[in-house]
Amino acid sequence: MQRYIVTMFANDSFFDNNLHIITPTKAIARSFKTPHHSLETLAKTRVNQQGWIVASSLLTRRYLQNTVREVISTKDVKGTAEAFLSTIKELFHSGIDLSKLQQQPSVRLQQLASLAIIYQQKLRTRGYLDRSELFWQGTKNVTKRQSYLFYGYFSPTRDELAFIDAVAGDGSVIVLPQVEVAAFNFFVRYQNTLNFLQDRGWQLITRGTKKVKDNDFNLGKKLQKSFLNANFLPSGAKLY
């Protein structure tokens, strides 16, 4: 199975013409003249097929407040639940093992882990998932992969990356343009993204790669600049 990371826009002789395009915004999809399908939409479809429903914001708050009543001694249930909500969501996004977190010597970490576990269990017993669990759950029980082009996800999170790797089939492409920025943390994240994908067999396509021509590379530079300036496709660019 061959899957590709590209830092430029290569011509159609290099890639499969039947890629399903996944983009974060409708504007990008319109520029490709294709229906809009986002990474989140794709993940929702997968988890729905598994029998799960992504809980609404109202529902997640209600379930978390119920959990707080059970786990924490407080008169301000609503305020306490709100205070923990973002941290719990970050835990879910990270994919950390909550049972191991529960074993940490810190009483506060133990309490946080217990709260997250019980909250998660309450949702699961009703067939719901917190939205922050969406991509990790989408990586499970993948029996069918498809060929995708992932465009617009230039700085994917860890759970997004894991999902992309789980569902991307032969010939899939992810575009990760090399944007010149001064921020060191962006560079580290970009390098970590490359390492994650390459460790899982994705091939990095650069200017020197066979079949990638100089004019394709130059077009790629225009493409990434067009995206950053919200001018989505330069003259001469096309995707399938």
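Leaving aside its neighbours within four places in sequence, R189 touches S155, P156 and T157, where contact means heavy atoms within 4.5 Å. R189 and P156 are 33 residues apart in sequence, and their C-alpha atoms lie 8.9 Å apart in space. R189 belongs to helix α9 (residues 184-199), helices (H or I, at least four residues) and strands (E, at least two) being DSSP runs numbered from the N terminus. With a relative accessibility of 36%, R189 counts as partly exposed; buried means under 20% relative accessible area, exposed over 50%, and partly exposed in between (1.4 Å probe, protein chains only).

The model is a predicted one, in which local features need pLDDT of at least 70 and side-chain atom pairs count only at pLDDT 80 or more, while totals for chains, interfaces and linings use all residues. Residues are numbered from 1 along each chain as its sequence is written, and side-chain values use heavy atoms, with hydrogens and water left out.

Helix α4 (residues 77-94) has 18 residues, which at 1.5 Å a residue should span 26 Å, and this agrees with its end C-alpha atoms being 26 Å apart; the expected span is 1.5 Å times one less than the number of residues. A kink of about 35 degrees in α4 is centred on L85, the bend at a residue being the angle between axes fitted to the seven residues ending there and the seven starting there. The buried residues of α4 are V77, T80, A81, F84, L85, I88, L91 and F92, and they pack against α3 (57-71), α5 (98-101), α6 (107-125) and α7 (134-138). After α4 comes G95, which has a positive phi near 75 degrees.

How do α4 and α6 lie relative to each other? They are roughly perpendicular, a term for angles of 65 to 115 degrees, since their axes cross at roughly 80 degrees and come within 10 Å. In this pairing, F84, T87, I88, L91 and F92 of α4 meet Q111, L112, L115, A116, Y119 and Q120 of α6.

Most residues other than glycine have a negative phi. The table lists two residues that are not glycine and have a positive phi.

| Residue | Phi | Loop | Relative accessible area |
|---|---|---|---|
| K33 | about 55 degrees | between α1 (26-31) and α2 (39-49) | 78%, exposed |
| N141 | near 55 degrees | between α7 and β5 (148-150) | 68%, exposed |

Note on methods: Axes are lines fitted to C-alpha atoms, for helices over the stretch in contact, and angles run from 0 to 180 degrees between N-to-C directions. Angles under 35 degrees count as roughly parallel, over 145 as roughly antiparallel, 65 to 115 as roughly perpendicular and the rest as oblique.
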